[in-house]
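User: I have some questions about how the descriptions of a model were reached. Could you walk me through the reasoning?

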Amino acid sequence: MSVTARIKLISQADHAQELRGNVVRLSNSDDPLDLKAEITTATCVELEFPSFTDGRAYSQAYLLRRRLHFVGDLRATGDVLVDQLIQMERMGFSSAVLKEGVEVADAYRQLQQFTGFYQRDVSGQS
Amino acid sequence: MYKYTEFDKTFVHARAAQFRNQLERWQVGKLSEDEFRPLRLQNGWYVQRHAPMLRVAVPYGELSSDQLRVLSRIANEFDTPEPGIYRDALEASSKVGTLKLPIRHAHFTTRTNVQFNWIPLSKAADVMDLLASVDMHGIQTSGNCIRNISCDERAGVAPDEIADPRPFAEVMRQWTTLHPEFAFLPRKFKIAVTGATEDRAATNWHDVGLRLLFNAAGELGFRVTVGGGMGRTPMTGKILREFLPWQHIMNYIEAVVRVYNRYGRRDNKYKARIKILVKAEGQRYIDDVEIEFREIVDNDGGPHTISQVELDRVTASFVPPELVGRKAVDLAEIGSQLDGYAQATPMFGRWLQRNVAVHKDPSMRIVTLSFKRLHQAPGDASADQLELVAQLVDRFSAGEARVTHTQNIVLPWVRVEDLFDLWQSARDAGLASANVHLLTDMIACPGGDFCALANARSIPVAEAITQRYQDLDELDDIGEIDLHISGCINSCGHHHSGHIGILGVDKDGKEWYQVTIGGTDGSGRGESARPGKVVGPSFSASEVPDVIEALISTYLQNRRPLEARAERFIETLQRIGHEPFKNAANEARAAAETV
């Protein structure tokens, strides 16, 4: 996954209609390392945010990208707050399903706030 | 001091702009209250009893005079409530007996940050812009994230220093700032670091406590403790590594925090701190951290390994200031001059003894300006006082000050020949109480006068004890003792680590105070860090000064002389045990009740 690829923002309707092949859905308490076989053959892994204040999915994303070398679509679902999209992108999420009523323009604006960060992102780039 | 690079400056301004956008979206209803709350918290904005509170980060406690001036300006121009809010606040407070709520003030906290109590949220974005103009912000001063890193107040100047912790603290500041993986942890996460023999940063009371040391091979590294914390279940940290090479400190902290992020409890906020995970899992947690650390280093390639080049680059920011125009000094001559002043002016002599500490440079001193005096809350500074401190800092300390975890200000670069002039200026500013580490140099949180979480007020209790102990001879005779006051179990006033701790509790809507004895913060004034023990049922506010007096009397009756000095309160307590103190405290209650 390249850092220059921006996270894709998807509406609820598009997410519901999209045909995405082999999808693995993980809840916050699943350990990605226990599901290696399923994840290896998946085209998309969905990480659900039961609440935007529950940060476990960020560590799951790290493990998926860095330890399992998952290269397919990594998607954020559930309580996705637009202010966290940049965080998701930096942790290797390639798509996020926006909540109903969120303006895509507002969401994209949140991705433009910073020109750089202190840490490297999950792909190892800063 | 660390000098912000263009990158740092751009980053802080971007953060201020991001916050302005979030505030505006909240104001027009695009962000709900629930959505905005964690965002404002991670920028330091709380909603308190009467008005919002802003907590400004002071990374590892270092402040420049320019920053002090902007803090003074914020206090002066923005720490002023709208008239209606202030009227309501005074009315509500007068019902519990508080008749004075200072405005145009800042407050130094136990984690070396600075708080303001009255800034209207509508002016929040303007204040953040003003802070950004001097490289300041409120990033991660609240919320369930890695908080501001605290440090030894004497870092870089202490004679007992093994290595300067500030370059490491700065690397940690950068690494933790807006870390994408760790912004929504189960609970808050605090790191403290020291490089000295004496632990002046209460490291064992932190989620991660770091102490620099050399191993037998002469290599520099850290002793790492994890799982310290106060709150409902006070615990001191468990040693995870006796020695970790410094190069690996960020890799190791990443392992500690990742395992916590994955497995820390999120179902109950009172059990969500890392201390609970460490206690519940024990060795399994330690094993998991070690496995994760090996993975980070071996599998991920140790992405946060600090190179010597990087450390040197950061260390270059912490070179001692050039003391321009200083003439060569004759230390013996100045020493006898100071003795002369001290004899002629006993107050100066006391101040020299209590507030002035030796420096690694024999011709310099480390001076504490005490913010513990009558009529102002511990750690409170008015806008005018902040401006005066900025002037003192420019004139006497190479433009640099430190906030201490005991809520005072330290001037780290004072020339011996300037001590008398500094004392006179500090005295004129009301900042020369000669009471550092004495009973009246107490820690206290803002308590029920300001904080929405508090069960009881702290400031009136602090004031009553300060009133009672105004005799400097008596204070000196009592000697070094840590008195810590918290208005609730969240423990911002560190009552668990006080030799005497006072905790505000609420019973039937009334304010009561639980007293603990025998706690220690891990500094040289006591043995290793440990929580105090409760002496008995809680006391009423009016009984508290009597209880303190009973505890002090018990100490004075039982203390023994040591070789060069008298035994301290905590030493007597540790030698004779808690019982005589408990009994004395409880007798004070009975006496008060029969009056």
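User: What makes strand E8 (residues 208-214) of chain B mostly covered?

Analyst: This is a predicted model, and the call comes from a count of neighbours. A residue is buried if 20 or more other C-beta atoms lie within 10 Å of its own. In E8(B), five of the seven residues are buried, so the strand is mostly covered.

User: How do you know that E8(B) pairs with strand E7 (residues 191-194) of chain B?

Analyst: Pairing takes at least two bridges. E7(B) and E8(B) have four, in the parallel sense, so they count as paired. B:Thr194 sits opposite B:Arg211 in E8(B).

User: And what is the sense of pairing between E8(B) and strand E9 (residues 220-226) of chain B?

Analyst: Antiparallel, over seven bridges. One of the pairs is B:Val208 with B:Val226 in E9(B). The two strands form a hairpin with five residues between them, and B:Gly218 in the turn has a positive phi of about 80 degrees.

User: Why is H3(B) called roughly antiparallel to H13(B)?

Analyst: The axes of H3(B) and helix H13 (residues 383-396) of chain B cross at roughly 170 degrees and come within 8 Å. Angles over 145 degrees count as roughly antiparallel, so that label fits H3(B) and H13(B).

User: Which residues of H3(B) and H13(B) meet?

Analyst: From H3(B) you have B:Ser65, B:Leu68, B:Arg69, B:Leu71, B:Ser72, B:Ala75 and B:Asn76. They meet B:Ala383, B:Leu386, B:Glu387, B:Val389, B:Ala390, B:Val393 and B:Asp394 in H13(B). By class, that contact has eight nonpolar, three polar and three charged residues.

User: What does H3(B) lie across, and at what angle to E3(B)?

Analyst: H3(B) lies across E3 and strand E14 (400-403) of chain B, at about 80 degrees to E3(B). The band from 65 to 115 degrees counts as roughly perpendicular, so H3(B) is roughly perpendicular to E3(B).

User: Which strands are in the open sheet with E3 and E14, and what makes two of them edge strands?

Analyst: The order is E3-E14-E15-E12-E11 in chain B, five strands with antiparallel pairing. E3 and strand E11 (356-358) of chain B are the edge strands: each pairs on one side only. From one strand to the next, the twist averages 30 degrees.

User: How do you know that strand E12 (residues 364-369) of chain B pairs with strand E15 (residues 409-415) of chain B?

Analyst: Same kind of check: the cut-off is at least two bridges, and E12(B) and E15(B) have five, in the antiparallel sense, so they pair. B:Thr368 stands opposite B:Val410 in E15(B).

User: How many residues of domain 1 of chain B are in contact with domain 3 of chain B?

Analyst: 22 residues of domain 1 are in contact with 20 of domain 3. To count, C-beta atoms placed from the backbone must lie within 7 Å. On the domain 1 side, H3(B) gives the most, with seven residues. The residues of that side divide into eight nonpolar, ten polar and four charged. In the domain assignment, domain 1 of chain B is 6-132 and domain 3 is 331-428, with 29 Å between their centres, taken over C-alpha atoms.

User: And how many residues of chain B are in contact with chain A?

Analyst: Here 29 residues of chain B are in contact with 24 of chain A. H1(B) gives the most on the chain B side, with seven residues. The residues of that side divide into 13 nonpolar, eight polar and eight charged.

Notes: Residues numbered from 1 in each chain as written. Chains lettered and ligands numbered in written order. Predicted model: local features only at pLDDT ≥ 70, side-chain atom pairs only at ≥ 80, totals over all residues. Domains from an automatic or database assignment. Contact = placed C-beta atoms within 7 Å. Nonpolar A, V, L, I, M, F, W, Y, C, P; charged D, E, K, R; others polar. Axes fitted to C-alpha atoms, helices over the stretch in contact; angles between N-to-C directions. Parallel < 35°, antiparallel > 145°, perpendicular 65-115°, else oblique. Buried ≥ 20, exposed ≤ 12 C-beta atoms within 10 Å, placed from the backbone.
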